[in-house]
Amino acid sequence: VGNQVVAKIEAPALICANMPTTFHTPTIGAPANFTWDFGPAASPRYAQGASPRVSFSSFGIFTISLTVTQENCVV
């Protein structure tokens, strides 16, 4: 019922260790809150907002979690 948020994570094709980079999530729908978990190799590990800036202390494959919430909904 109502507007639904659609979240998508956008990141650069190349991310270098110890170099800050910005992740972005364009959204369609109602205003929302964004909570990111970039994992233990990231600084900061946790971030808020649609476009956080983060760096990773090493290279590798990492799992990134994004939780999008709006009033009475979690995406």
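**Notebook: strand S7 and its surroundings**

I began with strand S7, where Ser55 is the residue that stands opposite Ser43. I note that this is a predicted model, in which local features need pLDDT of at least 70 and side-chain atom pairs count only at pLDDT 80 or more, while totals for chains, interfaces and linings use all residues. Residues are numbered from 1 along each chain as its sequence is written, and side-chain values use heavy atoms, with hydrogens and water left out.

**Entry 1: overall content**

I looked up the secondary structure and found zero helices and nine strands in the protein chain. Helices (H or I, at least four residues) and strands (E, at least two) are DSSP runs, numbered from the N terminus. I then checked burial, and buried residues make up 25% of the 75 residues. Buried means under 20% relative accessible area, exposed over 50%, and partly exposed in between (1.4 Å probe, protein chains only). Of the contacts in the chain with a separation of 6 or more, 50% are between residues 24 or more positions apart; a contact means heavy atoms within 4.5 Å.

**Entry 2: the sheet around S7**

In which order do the strands of the open sheet lie? I read the order as S2-S7-S5, three strands with antiparallel pairing. Strand S2 (21-22) and strand S5 (42-43) are the edge strands, each pairing on one side only. Two strands pair if DSSP finds at least two bridges between them. I found two bridges joining S2 to S7 and two joining S5 to S7. On the S5 side, Ala42 has Phe56 as its bridge partner in S7. On the S2 side, Thr22 stands opposite Arg53.

**Entry 3: residues of S7**

I took Ser55 next, which belongs to strand S7 (residues 53-56). Ser55 is buried, with a relative accessible area of 17%. Leaving aside neighbours within four places in sequence, I list its contacts as Asn18, Met19, Pro20, Ala41, Ala42 and Ser43.

Is Arg53, also in S7, buried or exposed? Arg53 is exposed, at 51% relative accessible area. Not counting residues up to four places away in sequence, Arg53 touches Pro20, Thr21, Thr22 and Pro44. I also found a polar contact between the side chains of Arg53 and Thr22, at 3.1 Å. A polar contact is a pair of N or O atoms within 3.5 Å; within protein, one must be able to donate a hydrogen and the other to accept it, and residues adjacent in sequence count only if both atoms are side-chain atoms. The C-alpha atoms of Arg53 and His24 are separated by 8.9 Å, the two residues being 29 apart along the chain.

For Val54 I applied the exclusion of neighbours within four places in sequence; its contacts include Met19, Phe23, Phe38 and Ala42.

**Entry 4: nonpolar core**

I looked up the largest nonpolar core and found ten residues: Phe23, Phe34, Trp36, Phe38, Ala42, Ala47, Val54, Phe56, Leu66 and Val68. Strand S4 (33-37), S7 and strand S8 (65-70) each supply at least two residues of this core. A nonpolar core is a set of buried Ala, Val, Leu, Ile, Met, Phe, Trp, Tyr and Cys residues joined through side-chain atoms within 4.5 Å.

**Entry 5: aromatic pairs**

Rings of Phe, Tyr and Trp (its six-membered ring) pair if their centres lie within 6.5 Å; planes under 30 degrees apart count as stacked, over 60 as edge-to-face and the rest as tilted. By this rule I count six aromatic pairs. Why is the pair of Trp36 and Phe38 stacked? The ring centres of Trp36 and Phe38 are 5.3 Å apart and the planes are at 5°, so the pair is stacked. Phe56 and Phe62 form a stacked pair, with 5.1 Å centre to centre and 20° between the planes. I checked the burial of these rings' residues: Trp36 is buried at 0%, Phe38 is buried at 1% and Phe56 is buried at 6%, whereas Phe62 is partly exposed at 31%. Ring pairs link Phe23, Trp36, Phe38, Phe56 and Phe62 into a cluster.

**Entry 6: charged pairs**

Side chains of opposite charge can pair when their charged atoms come close. How many salt bridges does a search of the whole structure find? I found one; a salt bridge is a side-chain nitrogen of Lys or Arg within 4 Å of a carboxyl oxygen of Asp or Glu. Arg45 forms a salt bridge with Asp37, and the closest N and O atoms are 3.0 Å apart. Arg45 is partly exposed at 33% relative accessibility, and Asp37 is partly exposed at 21%.
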